[in-house]
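Please walk me through this structure, beginning with a residue and its exposure and moving on from there to aromatic rings and a pocket.

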Amino acid sequence: MGAAGGALLLLALAVPFINASPYVISIGTSAFIYIMLAMGLNIVVGYAGLLDLGYYAFFAVGAYTSGVLATNDMPLVFTIPFVIVACIGAGIIIGGPTLRLRSDYLAIVTLGFGEIIRLTANNLEITGGPSGISGIPTFSFFGWSYRDGLDLFGIHFNGNILLYYTAVLAGGGFTVLAVSRLGRGRLGRAWRAIKDDEDAAEAMGINTYLTKLAAYILGAIFGGLAGILMSAHQSAISPTSFIFLNSALLLMAVVLGGMGSTPGVIIGALVISLAPELLRDFASWRFLLFGLLLVLMMIFRPQGVWPSTAVLPFLRYRRGQRSPREGFRTHAPDNENVDRSEEQA
């Protein structure tokens with residue numbers, strides 16, 4: 001699977017050499033930003049089992065924090081530490097008093113948090129109000145900007161392609177690797193224990209409150225970093241970009257792909273982000289077809305495209321390893337009419 005992931009990453013990096021049209025590069029950049037968002041939500045929903053309906057609020061916190069600082073003459077790359085601090089603060093503010101709640105109650109609170117962030121951005125002067133923030137600069141380093149492009153080996157890479165590569169490496173490389181490692185570590189095992197049975201996990205010595213808060217904060221950080229990429233990609237943000245429908249679609253990507261499954265979440269994010277574009281030829285019918293495909297998927301594959309418990313057929317039996325059945329013989333039921341008490345004695 002590691003080799004397959006590396007091959008897909010190389011294929012994504014080769015896309016501009018295959019088709020470098022602005023349309024392909026634009027939707028590709030958006031898709032990898034969406035993967036980054038979905039992987040962050042997978043920590044909260046897939047690993048820890050916390051139903052979050054307002055995850056786009058952290059996306060908004062990251063986008064607005066970087067947008068406000070970048071439009072005030074701070075290079076976009078230097079806004080990253082401020083975004084991380086802002087997302088940690090937002091995660092503590094919402095997670096601190098509410099993560100003692102469970103299931104539907106937690107979902108309602110997170111939904112309210114998402115709307116509070118959107119309405120706050122809609123009414124503050126520093127965030128531009130309903131008009132939002134425009135003219136957000138792209139990444140720049142010591143006087144050189146993505147907008148200037150880059151020439152390597154006689155090939156010119158414009159700013160859009162450089163931003164695409166940044167999104168691929170950040171969303172498809174760093175985020176996927178980091179979240180996967182977290183899921184396989186000690187903290188990830190604690191998240192899964194809480195997801196399976198919170199009371200049993202607490203009885204085994206896991207501090208469920210702090211563990212869930214860690215999931216919420218880490219998910220918020222990845223959402224905020226994705227917000228930086230989105231603000232650089234669109235160069236403008238507004239409150240209408242962070243409505244509840246977007247949070248619902250993001251949650252749908254995690255559930256559709258398979259909660260807690262890294263390949264599944266990547267597939268779900270690509271389906272949710274690219275399906276409307278692939279169905280664009282159907283004009284006004286595309287959203288109806290998109291919804292119909294999702295309904296059929298939930299009926300016939302409720303566990304997701306690639307669930308976390310999936311095992312590939314060629315991995316069921318590995319050559320050179322001991323079979324779990326080795327050392328055991330087939331048990332034949334004894335004849336009930338034969339007295340074997342003396343033999344047993």
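In this predicted model, Trp144 has a relative accessible area of 29%, so Trp144 is partly exposed, since that value falls between the limits of 20% for buried and 50% for exposed. Tyr146, by contrast, has a relative accessibility of 11% and therefore counts as buried. Trp144 and Tyr146 form an aromatic pair whose ring centres are 5.7 Å apart, and with 65 degrees between the planes the pair is edge-to-face.

A search of the whole structure finds 17 aromatic pairs. Another pair is made by Tyr64 and Phe242, whose ring centres lie 5.9 Å apart and whose planes stand at 50 degrees, so that this pair is tilted. Tyr64 belongs to helix H3, which covers residues 56–70, while Phe242 sits in the loop between strand E6 (236–237) and helix H10 (244–257), and the pair therefore ties together parts that are 178 residues apart in sequence. Both rings belong to buried residues, Tyr64 having a relative accessibility of 8% and Phe242 one of 5%. Elsewhere, aromatic residues gather in a group: Phe17, Phe32, Phe157, Tyr164 and Tyr165 form one aromatic cluster.

Phe242 also leads to another part of the chain, for its C-alpha atom is separated by 6.5 Å from that of Arg118, although Arg118 and Phe242 are 124 residues apart along the chain. Arg118 is found in helix H5, which spans residues 103–123, and with a relative accessible area of 22% Arg118 is partly exposed. When residues up to four places away in sequence are not counted, Arg118 touches Pro239, Phe242 and Ile243.

From these contacts we can turn to empty space. Rolling a probe the size of a water molecule over the atoms shows where such space is left. The second largest pocket holds about 620 Å³ of space, and 23 residues line this pocket, with Ser30, Tyr34, Tyr56, Asn246 and Ser273 lying nearest its centre. The elements that give two or more residues to the lining include H3 and H10, together with helix H2 (22–47), helix H9 (208–234), helix H11 (262–278) and helix H12 (286–300). Which element gives the most to this lining? That element is H2, with five residues. As for their character, the residues of the lining divide into 14 nonpolar, six polar and three charged.

Definitions and conventions
Residues numbered from 1 in each chain as written. Predicted model: local features only at pLDDT ≥ 70, side-chain atom pairs only at ≥ 80, totals over all residues. Heavy atoms only, no water. Phe/Tyr/Trp six-rings, centres within 6.5 Å; stacked < 30°, edge-to-face > 60°. Helix = DSSP H or I, 4+ residues; strand = E, 2+ residues; numbered from the N terminus. Buried < 20%, exposed > 50% of the residue type's maximum accessible area, 1.4 Å probe, protein only. Contact = heavy atoms within 4.5 Å. 1 Å grid on protein atoms, 1.4 Å probe; cavity = no way out; pocket = protein on both sides within 12 Å on 5 of 7 lines; lining within 4 Å. Points joined across faces, edges and corners; volume = space filled by probe spheres on them. Nonpolar A, V, L, I, M, F, W, Y, C, P; charged D, E, K, R; others polar.
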